[in-house]
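Here is my note on the model you sent round. Please read it with the structure open.

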Amino acid sequence: MELALNVLDSFSQDYPEAQSRFREAATKLGFSLESHSIGENGPDGSELSFDVACSTGGDPSRVLVISSGIHGVEGFFGSAVQLGMLDEWSQGEMPQPKVVLLHGLNAYGFAYSRRFNEDNVDPNRNFLLAGQPFAGSPPGYAELDSFLNPKRPPSSWEPFSAKAVWLIAQHGMSKLRSAIASGQYDYPQGLFFGGKGPTRMQTILQQNMPRWLAGSEQVVHLDFHTGLGAWGTWKLLIDYPLSELQRKQLAGWFGADSFEANTESDIAYDARGGFGQWCVAQKFSPEYLFACAEFGTYPAVKVLAGLRAENQAHHWGKAEAASTRKAKQTLKELFCPSAASWREEVLRQSKQLVRQAEQGMCGEGKS
Ligand SMILES: [Zn+2]
């Protein structure tokens, strides 16, 4: 038996490293592995793809899905969770349910250190349900556009903080957050753009999820994210109406205060086009419990400033410019802090969440 992976070693330096380590660890454990090209190249010129690994021995009527990197740069954390779990399972026993790992879903954003994809689409605002148009913006977004998406190369002096503080004072943080982060479909170079049609990644998922989840009667899906909430803490965010059973399961497995399904809450926002509501609506399985596991990093204003700066540099700066590199490095730090204490804590909590889901599915939860 090999030595268990040090917690901090689960974090990779870049996407190619994360991808090759994921592939190797999954293959070693006997998972079946497939890669799906997204039709783009990474900074090193290689073809970009995301990977899906399915365990081969578990009970296929119950499936535990763990996904990472739908928000690109957040994949540094989500990938570490998946690597950490693969390592844990290699040291002990595999879970009873079948396990499906979706790794680096937004491979472009992961590879280029951004939250958005190759078409500047926020994939987690792109999963609109039947009948919802790829058009429209939240009230107030038009006013904010010129501030959020300056159409000029980055300069050394950006009056972000003063302007942001003024806007918060004027509108209030929760109103502002909902105007900014709930998704817009009108400004293709702006932040939180939901796209004009389904992304290639969504189409691939649509075509293949029925196969990965074939024969399932119950699916529990944890989708790992960062950048919202207090430093090193987590919440499960739910973007679809929960059934009584689902509420009981969430409370029993993870704790009564573990989840927020309330659109009026401080932390969550009423976003359109989320991955969760889409998975549930597709009826991939009779029982589909999806939770976005969101881990806090830096304060919201700082995160927003970083998103704005990276987006500006990505569209209007030069790829090789020092200012562009710095904006991307900063974004990575904002969504995956380098502090060892943060990394140890969030990985410990994430692994516990996965174990609780696993035990809950096997009827060993608190409820
Ligand atoms: Zn996210």
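The points below go through the sheet, the helices, the largest cavity and a few single residues.

1. Basis. This is a predicted model, in which local features need pLDDT of at least 70 and side-chain atom pairs count only at pLDDT 80 or more, while totals for chains, interfaces and linings use all residues. Residues are numbered from 1 along each chain as its sequence is written, and side-chain values use heavy atoms, with hydrogens and water left out.

2. The sheet. Helices (H or I, at least four residues) and strands (E, at least two) are DSSP runs, numbered from the N terminus. Two strands count as paired if DSSP finds at least two bridges between them. Here 8 strands form an open sheet with mixed pairing, in the order 1-2-4-3-5-8-6-7. Strand 1 (32-41) and strand 7 are the edge strands, and each pairs on one side only.

3. Strand 5. Which strands pair with strand 5 in the parallel sense? Strand 3 (residues 59-67) does, over 6 bridges. Val63 stands opposite Val219 of strand 5. Strand 8 also runs parallel to strand 5, and 10 bridges join the two. Asp223 has Cys292 in strand 8 as its bridge partner. Buried means under 20% relative accessible area, exposed means over 50%, and partly exposed lies in between (1.4 Å probe, protein chains only). Of the 14 residues of strand 5, 11 are buried, so this strand is largely enclosed by the rest of the structure.

4. Strand 6. Parallel or antiparallel: in which sense do strand 6 and strand 8 pair? Strand 6 (residues 234-237) and strand 8 (residues 287-296) are antiparallel, with 4 bridges. Leu237 stands opposite Cys292 in strand 8. Strand 6 and strand 7 (residues 259-260) run parallel and are joined by 2 bridges. Leu236 has Phe259 in strand 7 as its bridge partner. From strand 6 the chain crosses through helix 8 (residues 244-254) to strand 7, and this β-α-β crossover is right-handed. Right-handed means that, with the strands pointing away from the viewer, the path from the first strand over the helix to the second runs clockwise.

5. Helices 2 and 10. The expected span of a helix is 1.5 Å times one less than its number of residues. Helix 2 (residues 75-91) has 17 residues and reaches 24 Å from its first C-alpha to its last, close to the expected 24 Å. Helix 2 is mostly covered, with 14 of its 17 residues buried. Helix 10 also agrees with its expected span: its 17 residues should span 24 Å, and its end C-alpha atoms are 24 Å apart. The buried residues of helix 10 include Val303, Leu307, Arg308 and Glu310.

6. The largest cavity. A cavity is a set of points on a 1 Å grid over the protein atoms alone where a 1.4 Å probe fits but cannot get out; lining residues have an atom within 4 Å of a point. Grid points are joined across faces, edges and corners, and a volume is the space filled by probe spheres set on the points. The count is 4 cavities of 30 Å³ or more. The largest cavity holds about 250 Å³ of space. Its lining has 20 residues, and the closest to its centre are Ala181, Phe192, Leu228, Val303 and Leu307.

7. The lining. Which element gives the largest share of the lining of the largest cavity? Helix 6 does, with 5 residues. Helix 6 (173-181), strand 5 (218-231) and helix 10 (300-316) each supply at least two lining residues. By class, the lining has 12 nonpolar, 4 polar and 4 charged residues. Ala, Val, Leu, Ile, Met, Phe, Trp, Tyr, Cys and Pro count as nonpolar, Asp, Glu, Lys and Arg as charged, and the others, Gly among them, as polar.

8. Positive phi. Most residues other than glycine have a negative phi. Ser113 has a positive phi of about 50°. Asn120 has a positive phi of about 60°. Ser113 lies in the loop between helix 3 (107-111) and helix 4 (141-148), and Asn120 lies in the loop between helix 3 and helix 4. Ser113 is buried at a relative accessible area of 12%, and Asn120 is buried at 4%.

9. Phe275. This residue lies in helix 9 (residues 275-281). Phe275 counts as buried, at 0% relative accessibility. The C-alpha atoms of Phe275 and Gln132 are separated by 14 Å, and the two residues are 143 residues apart along the chain.

Technical notes:
1 Å grid on protein atoms, 1.4 Å probe; cavity = no way out; pocket = protein on both sides within 12 Å on 5 of 7 lines; lining within 4 Å.
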